[in-house]
Amino acid sequence: MLPQRAVFVYRHYLYEREERSVSTLLIPTAETARLEFFLRTCLDHDVPLLVLGPSGTGKSASTTSLLVDLPKDKFIVNIVNFSARTSASQAQDIIMSKVDRRRKGVFGPAMGRKYVVFIDDVNMPQKEPYGAQPPIEFLRQWLDHKHFYDKKDTSKIELFGVLELL
Ligand SMILES: Nc1ncnc2c1ncn2[C@@H]1O[C@H](COP(=O)(O)OP(=O)(O)OP(=O)(O)O)[C@@H](O)[C@H]1O
Ligand SMILES: [Mg+2]
């Protein structure tokens, strides 16, 4: 299983990226291959993933380039950039912007598709007076408890078919 996948990643770089402009070209290195392998494995198995590493090492570039290449009929991709001024309320709105209502309190992507949320620069939101970062607390609530609450009537909201990458 493992060697086959590694070969696939290599082929992917060699053949499928040839027609890109130079600015979007990603130079394959051992690190990008590793990251791509873990991203694909986590995508296949619905495992949330947190990518961390020094600045400028291609975390955003490799992840984004892999996500935009995903087949549109199978995945709905939402790439979100957190900034210092992002609020928890905005984070919830952005995540809910690409899902449909299934029944009361239950939301999910269009049938047959998987919803992938990539949150770039997840560490950026400003701290509130007590030291917490509300948008990150919102994500933690979602990952830990698999639900969050409607902002208007505080009813429970569950999302199905979702995978998060941070
Ligand atoms: N393997 C690579 N091939 C081509 N360009 C690369 C590669 N790795 C990084 N870069 C370029 O380096 C720059 C910084 O990369 P990127 O923004 O992805 O870093 P990052 O790890 O997300 O950093 P930060 O932690 O600051 O967000 C980008 O312009 C990106 O295109
Ligand atoms: Mg980045």
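# Close-up views of a predicted model

**View 1. The shell around ligand 1 in this predicted model.** The residues of this shell divide into 3 nonpolar, 7 polar and 2 charged. Let us meet them by name: L26, I27, T29, T32, S55, G56, T57, G58, K59, S60, A61 and D121 surround ligand 1. Which helix gives the most to this shell? Helix 3, covering residues 59–68, does, with 3 residues.

**View 2. The whole protein chain, as a guide to the closer views.** Before going further in, it helps to see the overall layout. The protein chain has 5 helices and 7 strands. Following the sequence from start to end, you meet them in the pattern α-α-α-β-α-β-β-β-α-β-β-β. Of the 166 residues in the chain, 19% are buried. Among contacts in the chain with a separation of 6 or more, 66% join residues that are 24 or more positions apart.

**View 3. An open sheet of 3 strands.** The strands of this sheet come in the order 1-4-7, and their pairing is parallel. Strand 1 (75–81) and strand 7 (162–165) are the edge strands, each pairing on one side only. On average, neighbouring strands here are turned by 15° against each other, with direction ignored. Helix 3 packs on this sheet and touches strand 1, strand 4 and strand 7. The direction of helix 3 makes about 160° with that of strand 4. Helix 3 may be familiar from the first view, as the helix that gives the most to the shell around ligand 1.

**View 4. Strand 4 and its two partners.** As a reminder, strands of a sheet pair through backbone hydrogen bonds, either parallel or antiparallel. Strand 4, made of residues 114–120, pairs with strand 1 in the parallel sense over 7 bridges. Which residue of strand 4 is the bridge partner of I79? Look for F118. Strand 4 also pairs with strand 7, again in the parallel sense, over 4 bridges. Here V117 stands opposite E164 of strand 7. Why is strand 4 largely enclosed by the rest of the structure? Because 5 of its 7 residues are buried.

**View 5. L49 and its surroundings.** You will find L49 in the loop between helix 2 (30–45) and helix 3. Is L49 buried or exposed? L49 has 16 other C-beta atoms within 10 Å; a residue counts as buried at 20 or more and as exposed at 12 or fewer, so L49 is partly exposed. Leaving aside neighbours within four places in sequence, the contacts of L49 are F38, L39, C42 and L165. One of these, L39, lies 10 residues from L49 along the chain, and the C-alpha atoms of the two are separated by 7.6 Å.

**View 6. Confidence along the protein chain.** Because the model is predicted, each residue carries a confidence value, called pLDDT. The mean pLDDT of the protein chain is 85, and 86% of its residues reach 70 or more. Where is confidence lowest? In helix 1 (residues 2–16), where the mean is 51. Confidence is highest in helix 4 (residues 88–96), at 94.

Conventions. Residues are numbered from 1 along each chain as its sequence is written. Chains are lettered from A and ligands numbered from 1 in the order in which they are written. This is a predicted model: local features need pLDDT of at least 70, side-chain atom pairs count only at pLDDT 80 or more; totals for chains, interfaces and linings use all residues. A residue is near a molecule or strand if its C-beta atom, placed from the backbone, lies within 6 Å of it. Helices (H or I, at least four residues) and strands (E, at least two) are DSSP runs, numbered from the N terminus. Ala, Val, Leu, Ile, Met, Phe, Trp, Tyr, Cys and Pro count as nonpolar, Asp, Glu, Lys and Arg as charged, and the others, Gly among them, as polar. Two strands pair if DSSP finds at least two bridges between them. Axes are lines fitted to C-alpha atoms, for helices over the stretch in contact, and angles run from 0 to 180 degrees between N-to-C directions. Two residues are in contact if their C-beta atoms, placed from the backbone, lie within 7 Å. pLDDT is the predictor's confidence in each residue, from 0 to 100.
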